[in-house]
Each structure stands twice: as C-alpha cells, then as structure tokens.
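Work through these exercises with the sequence and the 3D structure side by side. Try each task before you read its solution.

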Amino acid sequence: MDVLSTKGLSKVYKGHFAVKDVAMHIEKGDIYGFVGENGAGKTTLIRLVTGLAAPTAGKYALFGVPNRDKGIYEARRKTAAIVETATIAKNMTAIENLKMQCLITGTARSDEELEALIDRVGLDAEGLRKKKVGNFSLGMRQRLGIAMVMVSDPEFVILDEPMNGLDPQGFIEVRETILKLHREGVTFLISSHILSELEKICTKIGVISHGELLEEISMEDLHRKARRRIVITADEPERIGGLLAVAGISQEIEQQGNEILVFGDADINAIMKTLVENGVTIRSINALEETVEDYYIRLLGRGKIA
Amino acid sequence: MKQLLQADLYRMVKSKLTMVLLILSAAFPLFTVLIYVGLRAISSIGEEIMDSVGFLTANTVIGSAYSLTNNIGLVIPVMAGILVCTDFTSGTLRNKVVAGNPRTKIYFSHLIVSILYSVVMITIYVLFTAGFALLMLPYKSGFAVNVVREYVFWAVTGTMSFVFMATVSTFFAMTFRSIAPTILLTLLVTFTLLILSSTLSFTDYSNVRHLVYFIPTFSGQFFSLTGGSLIGTAINALVGGVSESKEVIFAEGIGSFVFFGTVNTVLGVILFCKRDLK
C-alpha cells in the first residue's frame, strides 16, 4: 500500500498552475526525495497533502485514505511535517514547544523523554532549559523542528527543505537522524532544490519543474540511467542484443523503443564493427557519460522546454 | 478537541499577553477608583448630595465595570484577538492541521479559549474594581428594588457582552490571520455598537423597541446598578423611557449576544475551513 499517492493533483493560484496534474507514489519504507528548482511547486504540493491547502483538481490518498474521506484526519495522525520552516512558538523554551506538540498530537511524553529527544537531535537540553526559542539560531530551530516531528512517533514524515540554514555538521546530524528513523520504519518525503543533499539518503526521487512531475524514479534506476552508456539508434533494434552478446560484448543491454542502451565500458568501435558486419543499419550511435546531477539538470532543462 | 483545548490553554498561560492583562486587570481598577476618590475630594457638590443621587459612589464605579468602552473593556477583546493571531503568526497553527485536527475543532478551540480568557480577565477586573471601590468609596445599598435580580442581570449581561466580543475578535483573527486588522476591526465593532446604542437611547424607539433591544450591547445600558437612585432613574428615563419589564430587556439582550455570536462563529468557521493556510 502506498503511504502517499496522488492522481491528477493540481493547484491553481491566480490563474497559474503551481502544481499540475501530479501523480506520485510513495511506498512504505521509501525515503522519497522531492527535487526541483526554487518555485517548482514542491512546497505547494506538500501544503496540499498536509491539508494546509485544498487541491483545485485531482486527489490524493494518505495511507490509502482518500483526501475527501472523513478518515483522512486519522491518517494525518500518522503523519508529521515541517513545511517551509519549523513552526515553533518563539516565546517558549524548547521543552515547552515539545510539550505543546505533545498536546496537539495527543502524545504522552515525560520531561525526561522530551529532554532525551532534544539531545537526540543534537541540541543540549540541559543548556537550553531556560532559553527561549526566539534566541535560537536557524539551525537550532530546524533541529528542534525535527524533534517536534518525532514527538508523536509518526509513520510518515514530510520535511520541506530540512537542510536549509544548517552548517555542515548540522547537515550530517540531520541526515543521520533521518537514516536512523528510516531504519526504525519511518517513511520520508523530503524536498530540496539541491539533488546532492538527497542523493546519499533517498531510495526514490521525484523531479518537479514548473509544477509538473517530470520523472519519478528509484535511486538505483537513476544511477543506472546516469552512468556511462552507449545509445544506438538502428533498424531492427531487436537483433542488436543478440549480436553484441555473440560478439562477446556482454554488457548490460536495454531496449527503449528504437534505442538500444549499452551500459558500462563497452568499446564503441567494436559495437559499430559488429553491427555493420551483421548488416544492421546504424542511424546514430553516441557514448554518453553523466553524473546524477547532470541527469537531473538535463531533466529540468527538458521540463523548461516543455 | 480536548487536546487542542489543552494546547491552546497551555499557549495562553505561557503568553506574555496573559500576564500583561492580568496586571492591567488589577491595576486599572485601582487607577479608576483613585480618580473617583480624587474627583469626590475636589468636587464642590457635598458628599451627602453625591451619595443621595448616586454620583461618584462605589455603585457607579462597579456598575460601569463591564462597559466595553472603559479602559479594560477595550483591551480585553483586542488582547483575545491578538492571542488567537499569534497561532498564525508563529505558524503553530500549521502543526495542528498537519497533526490531523479538523479545522472546525481548531476554530472552536480558539473560540473557547478566547471566551475563557475574556471572562476570566473581566471577572478579575470587576472583582478588583468592587474591592477597591467598596474600600475607598461609599456604597449605598437598596438602590434597586430587587437587588439580587439587578446584580444577576448586570453581571450576566456584562459577562455576555465580553463573550460576544470574544466571538467577534476570534472571527476577525481567524479570518484575517493578522494582528493589525484584528485590532482595528474589533475596535470598530465596539465603537459602532456603542455609538449606535447611545444614539438610539436618545430617540423615540418605542415602536421598534424589540428590534433595538436586539442590538448587542444596547441592553447593557439598563443594568448599571444605579436603578432607584436619581441618576439611575434619569438614565432609565433617557434610555427610551420605555415601560418594558427588565426581564424582557434582559432576555432579548442575551438573545442578541447569542444570535450574533452564533452568526459570526458560523461564518468564521465556513471561511476558515475554505481558506488555504500559509
């Protein structure tokens, strides 16, 4: 069962699509990276699925419960989110904010448990006992926000740009916290405009640009797509795999329509020679090599053209 | 709902506004009574005359304690509105929505806390006012024919006017989600109602009196604890001079608070449920 699925989800602001016809699927156990440039529609989509805004068209389901169903409130109880910035009362201390979050979510936690939670996100509970959150740095607030998210032991956590404002150490700590919670069975949706932030932790990514979801792909497939490959366009593409195998060019081969993709370090000249000798008409043949980041940029470029 | 109420009460207790208003609720009565004491001291009218006509007495100070245009009367609804607004300005309202709390319950939780805040604060103010006034100013009992009824009508009408204003300020806070319009519009409603009530008091409204009694805050003018005194008689004569029983005026006044409070709450809930939140 999908933890979150959307179908044709759209949001229009002042005649302009902030999110357009998005169909995304997050399965239990995913760390779903939601990537797109600033203003691509990431936060809008998060605001839709968290109930902060209503869709103009389309629908979504949380834990299988449709958004128009009364059970959606119960499904939301299994969800926690930080949208844009951690929402904390600045006139309260860290532990007072956590206590209020406990009340909001109906969670019972002792002071000791809350202090342990503060320590767990890299804040010093003892040292911050009397300090109002208004005096916290941005990074400290982000960490407290994550602690607030964790208060209710959610099954699904949505983090909108969680690395914003964090120093490298904070970045690592948040990443490790996410991975630790993931090992405990928490599913994540994490948005960012920087793919490299997510590359190391995500199991799946969705690339959004100008409100449209361009691609939803597992990290495994993304790495495979992004690595070096030779792309052949030829007549009778179905023969190519067999011919290359017989010729000993036993690389990983995949057919995508009229294109044949040969992954790995295959010699382009050897491929051409084999195909020509066997009477295959080659329309084009190119060796491509790109990083995941290159692939992402190319994808975004495609989105812009679209 | 229970947990939302607990969260909003927790936020209210932790708010500086609560402490500020508590201090004001205790300080303003002393300030007001001291002014009365000072005025009595410098007044050329003899004390006996003042006491006999009910001028500058404990009764007049206590009787006007629930007025929406006295110092604290203006402050309480505004502070209640600001308290609701801080849930938006700090963004903590998002946490409630994301945690699966229906918006209707979020609205009602704010409304209940806002009403509680207003009632507690005005009660403290009235008690302090009564305490200081009875200590420092003369009180003449027996002004009213039915003292208990007068006090009940005065206290209930006065408290209900603050309950009503809490619904108004909550409506503005939940609709505009910003402090400035909430303050301005709450004050605008207060002054509009009071100007309307005062103006109508000096006109012949006997043919449409039941409509007039249905203006929120109008009935409050009849319950000022001055009945029976010269001033009270004069006020009652001025306030239309109608020979309506006080029970009817009281019932229609309470009815107007309930009716208009319900109307703005229903409208507020509808608007809040439809709006996208930041």
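Two residues are in contact if their C-beta atoms, placed from the backbone, lie within 7 Å. The model is predicted: local features need pLDDT of at least 70, side-chain atom pairs count only at pLDDT 80 or more, and totals for chains, interfaces and linings use all residues. Residues are numbered from 1 along each chain as its sequence is written, while chains are lettered from A and ligands numbered from 1 in the order in which they are written.

**Exercise 1. Describe the two chains.**

Step 1. Start with the elements. Helices (H or I, at least four residues) and strands (E, at least two) are DSSP runs, numbered from the N terminus. Chain A has 11 helices and 15 strands. Chain B has 12 helices and zero strands.

Step 2. Turn to contacts with a separation of 6 or more. In chain A, 70% of them join residues 24 or more positions apart. In chain B, that share is 84%.

Step 3. Now look at burial. A residue is buried if 20 or more other C-beta atoms lie within 10 Å of its own, exposed if 12 or fewer, and partly exposed in between; the C-beta atoms are placed from the backbone. Of the 306 residues of chain A, 42% are buried. Of the 278 residues in chain B, 43% are buried.

Step 4. Finish with the layout of chain A. Its C-alpha atoms fill a box of roughly 80 × 40 × 30 Å along the principal axes. Domain 1 covers 2-217 and domain 2 covers 228-288, with bounds from an automatic or database domain assignment. The C-alpha centres of these two domains of chain A lie 44 Å apart.

**Exercise 2. Find the buried side of helix H1 of chain B.**

Step 1. Check the length. H1(B) spans residues 2-14, 13 in number, and reaches 18 Å from its first C-alpha to its last. That is close to the expected 18 Å at 1.5 Å a residue. The expected span is 1.5 Å times one less than the number of residues.

Step 2. List the buried residues. They are Leu4(B), Ala7(B), Asp8(B) and Arg11(B). They lie on the same side of H1(B), because they cover an arc of only 95° around the axis. The arc is that of the directions from the helix axis to the C-beta atoms. An α-helix has 3.6 residues a turn, so residues three or four places apart point the same way.

Step 3. Look at the opposite face. It carries the exposed residues Lys2(B) and Val13(B).

Step 4. Ask what covers the buried residues. The cover includes H3 (94-105) of chain A, and also H6 (92-98) and H7 (103-136) of chain B.

**Exercise 3. Work out which parts of chain A touch chain B.**

Step 1. Count the residues. 26 residues of chain A are in contact with 21 residues of chain B.

Step 2. Name the elements. Helix H2 (72-76), strand S7 (79-82) and H3 of chain A each supply at least two residues of the touching side of chain A. The largest share, seven residues, comes from H3(A).

Step 3. Sort by type. That side of chain A has 12 nonpolar, eight polar and six charged residues. Here Ala, Val, Leu, Ile, Met, Phe, Trp, Tyr, Cys and Pro count as nonpolar, Asp, Glu, Lys and Arg as charged, and the others, Gly among them, as polar.

**Exercise 4. Place Leu48(A) and say why it counts as buried.**

Step 1. Locate Leu48(A). It lies in helix H1 (residues 42-49) of chain A.

Step 2. Apply the cut-off. Leu48(A) counts as buried because it has 25 C-beta neighbours inside 10 Å.

Step 3. List its contacts, leaving out residues up to four places away in sequence. Leu48(A) touches Leu9(A), Lys11(A), Val19(A), Ala53(A), Pro55(A) and Tyr60(A).

Step 4. Take one partner. Leu48(A) and Lys11(A) are 37 residues apart in sequence, and 8.2 Å apart in space, C-alpha to C-alpha.

**Exercise 5. Compare two loop residues with positive phi.**

Step 1. Recall the background. Most residues other than glycine have a negative phi.

Step 2. Take Lys14(A). Its phi is near 50°. It sits in the loop between strands S1 (2-13) and S2 (16-22) of chain A. Lys14(A) is exposed, with 5 other C-beta atoms within 10 Å.

Step 3. Take Phe63(A). Its phi is about 50°. It sits in the loop between strands S5 (57-62) and S6 (65-66) of chain A. Phe63(A) is buried, with 21 other C-beta atoms within 10 Å.
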